[in-house]
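Biologist: I am new to this structure and would like a close look at one part of it. Please take the long helix-and-loop region where charged side chains meet, and explain which of them pair up and which do not.

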Amino acid sequence: MPNTFPKEAKLCGALGIAALYKNGKRFTAWPLRVTYQPTKGETQVLVWAPKSLFKHAVQRNRLRRLMREAYRLHQDTLISQSDSGVPSNFQIAFNYIDKEEQSYKTIEKAVIKALRKIKSNE
RNA sequence: UCAGCAGGUCGGUCUAUCGCGCCUUAUGGUGAGGAAAGUCCGGGCAGCACAGAGCACCACAGCGGUUAACGGCCGUCAGGCAGAGCGAAGUGAUGCGGUUCGCAUCAAACCGUGAAUGUUUGGUCACUGCUACAGAGACGAGGAAUGUGAAACGAGCAUACUGUGGGCUGCAAUUCCAAGUAAACCAACGUCUGAACGCUGCUCGCGUGAGUUGGAGGGUAGGAUGCGAGAGAAGCACGUGGUAACACGCGACUCGAGAUUAAUGAUAGACGCUGCCGCAUGGCAGUACAGAACCCGGCUUACAGACCUGCCUCACCU
RNA sequence: GGAGAGUUGUCUGAGUGGUCGAAAGAGCCGCACUCGAAAUGCGGUAUACGCAUUACGUCGUAUCGGGGGUUCGAAUCCCUCACUCUCCG
């Protein structure tokens, strides 16, 4: 499984995002809030750092890149442990909710925890 | 040299592994800034409008220059303020002589003076209007000693006047493609006694001529263009002119992002640079402000650290 | 990305350059009324520094988001910074 993250794996479009936040299940894995729902299409991921908490674009860009990188390196935890029969794909949104910039190690742990929780719930 | 100022340049480098956008496609190439920021000014560009006249509105304001343009920049004149230092008497503290004084050094505040430099203000008062409180009286008046007051017949100020400039809106502009839709209803005004619209703030004037506007309800939330090698009023070197801003000529030297839920990253290591510790190989800590969104010229604000250049007073040295 | 609007006491919110530390309402505090409360009525209610007093009134200065400027005088006009909100196809 290559650890790639092309543009097709990003969740785009206002309608899809609105539907995810309306219908998806959510839980918190500090410093992230995770919203997800199963989907028939490919797995798509959305990464988000709010402007109200981080005023400067540099901070938001950095957090977004860290979250995206953590997901890219650990996305196989969703797939590798799943049943070989029907592939279960999800739409997932990661929202950064802490007020301070955390290190990559912290975000990485949170992403792994979140992916395992999604896997075990389904 | 010390002290005080001013201006300019740069603002990390390399390797490995895993990744992202764009262009080409076995491959490969390329990928944030001096402020990309704030959006405070000015332009390019685009759409709409443009027979004409008048009135508003906005911006600017010594003088001269510069520029595509500017409220920017350069030069210069006048006034105010700041400014290292210097000076004088007094005060305080310390020391020495000495006995109710004298000398020396140091210190802080005030006063005077004040280099380089920085900062700020700068059209006019004939007309119109304003000038609170205080004051006998505040722009009306024959004069104005005292007092009041910022100002007392002298004026100051702008909403007044003069000069110059400005059509409006902004890339979510604009144009094209795809998909989809919704009529009916309610309210106001009106159909030649002229509603409404256009001349983009208003009036005149001119033109079009039966619907227009609002409410409620319904549909869409995609793609392309603009958009970056016709980038560019670009930078750099040299020459000429100019005090300078800058202009002209010449060289063909440099630069080469184009996302759209939004690329330009992550991890590990090495080297720079700065500080501390150590005799030392070295160790520890730090390495800023900050992220393009149509493109330029300025201004303003943020910024670890490094480098270069220039100006000037007193004192000292040669 | 672009275009605009705003910031005044604990809250909401007025305020033509001059009697403005600042209207009004809400809230809060005190008093009256009541057996007690509610409602009602009356009064009070920003902060800091300085001065004064046995103590309390009172007085002076500064503050209308922060900092500069214009003016005799600024909440008001101008510049700049910060923050909040609205609109766009």
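Modeller: A residue is called buried when its relative accessible area is under 20%, exposed when it is over 50%, and partly exposed in between. The model is predicted, and every value below is computed from it.

Start at the end of helix H2. Gln-75 sits in the loop that joins helix H2 (57-74) to helix H3 (76-79). Its relative accessible area is 8%, so Gln-75 is buried. The side chain of Gln-75 comes to 3.3 Å from the backbone oxygen of Arg-72. That distance counts as a polar contact because the N or O atoms are within 3.5 Å.

Arg-72 leads on to the charged pairs. How many salt bridges does a search of the whole structure find? There are two. In one of them, Arg-72 pairs with Glu-69, and the closest N and O atoms are 2.5 Å apart. Both residues belong to helix H2 and are three residues apart, so about one helical turn separates them. Arg-72 has a relative accessible area of 22% and is therefore partly exposed. Glu-69, at 28%, is partly exposed as well.

The other salt bridge joins Arg-62 to Glu-101, with 4.0 Å between the closest N and O atoms. This pair links distant parts of the chain: Arg-62 is in helix H2, Glu-101 is in the loop between S4 and H4, and they are 39 residues apart. Arg-62 is partly exposed at 47%, and Glu-101 is partly exposed at 36%.

Helix H2 also holds Arg-68, which is part of a positive surface patch together with Lys-7, Lys-10, Arg-64 and Arg-65. Why does Arg-62 not appear in that patch? Patches take residues with over 30% relative accessible area and no salt bridge. Arg-68 has 33% relative accessibility and counts as partly exposed, so Arg-68 clears the area cut-off. Arg-62 clears the area cut-off too, at 47%, but Arg-62 has a salt bridge with Glu-101. Arg-62 is therefore left out under the rule on salt bridges. Arg-72 fails on area, because its 22% is not over 30%.

Now cross to the loop between strand S4 (89-96) and helix H4 (104-121), where Asp-98 is placed. Asp-98 is buried yet has no salt bridge. The nearest side chain of opposite charge is that of Lys-99, 8.2 Å away. A salt bridge would need a side-chain nitrogen of Lys or Arg within 4 Å of a carboxyl oxygen. What, then, does the side chain of Asp-98 contact? One partner is the side chain of Gln-102, in a polar contact of 3.0 Å. The side chain of Asp-98 also reaches the backbone nitrogen of Glu-100, at 3.2 Å.

Glu-100 itself lies in the loop between S4 and H4. Is Glu-100 buried or exposed? Its relative accessible area is 55%, so Glu-100 is exposed. Asp-98, by contrast, is buried. The C-alpha atom of Glu-100 is 8.3 Å from that of Phe-54, although the two residues are 46 residues apart along the chain.

Strand S4, which comes before this loop, shows further pairings across the sequence. Phe-90 lies in strand S4 and is buried, with a relative accessible area of 2%. From C-alpha to C-alpha, Phe-90 and Gln-44 are 6.6 Å apart in space and 46 residues apart in sequence. Asn-89 is also in strand S4, and at 17% relative accessibility Asn-89 counts as buried. For Asn-89 and Pro-38, the C-alpha separation is 5.9 Å and the sequence separation is 51 residues.

To put the region together: helix H2 contributes the Arg-72 and Glu-69 pair, about one helical turn apart. Helix H2 also holds Arg-62, whose partner Glu-101 is in the loop between S4 and H4. In that loop, Asp-98 is buried and has no salt bridge, but the side chain of Asp-98 makes a polar contact with the side chain of Gln-102.

Methods
Residues numbered from 1 in each chain as written. Chains lettered and ligands numbered in written order. Predicted model: local features only at pLDDT ≥ 70, side-chain atom pairs only at ≥ 80, totals over all residues. Heavy atoms only, no water. Helix = DSSP H or I, 4+ residues; strand = E, 2+ residues; numbered from the N terminus. Buried < 20%, exposed > 50% of the residue type's maximum accessible area, 1.4 Å probe, protein only. Polar contact = N/O pair within 3.5 Å; in protein donor to acceptor, adjacent residues only side chain to side chain. Patch = residues over 30% accessible without salt bridge, like charges linked within 9 Å, V, L, I, M, F, W, Y side chains within 5 Å. Areas by Shrake-Rupley, 256 points an atom, 1.4 Å probe, with all protein chains shown as cover. Lys, Arg positive; Asp, Glu negative; His and termini not counted. Charge placed at Lys NZ, Arg CZ, Asp CG, Glu CD.
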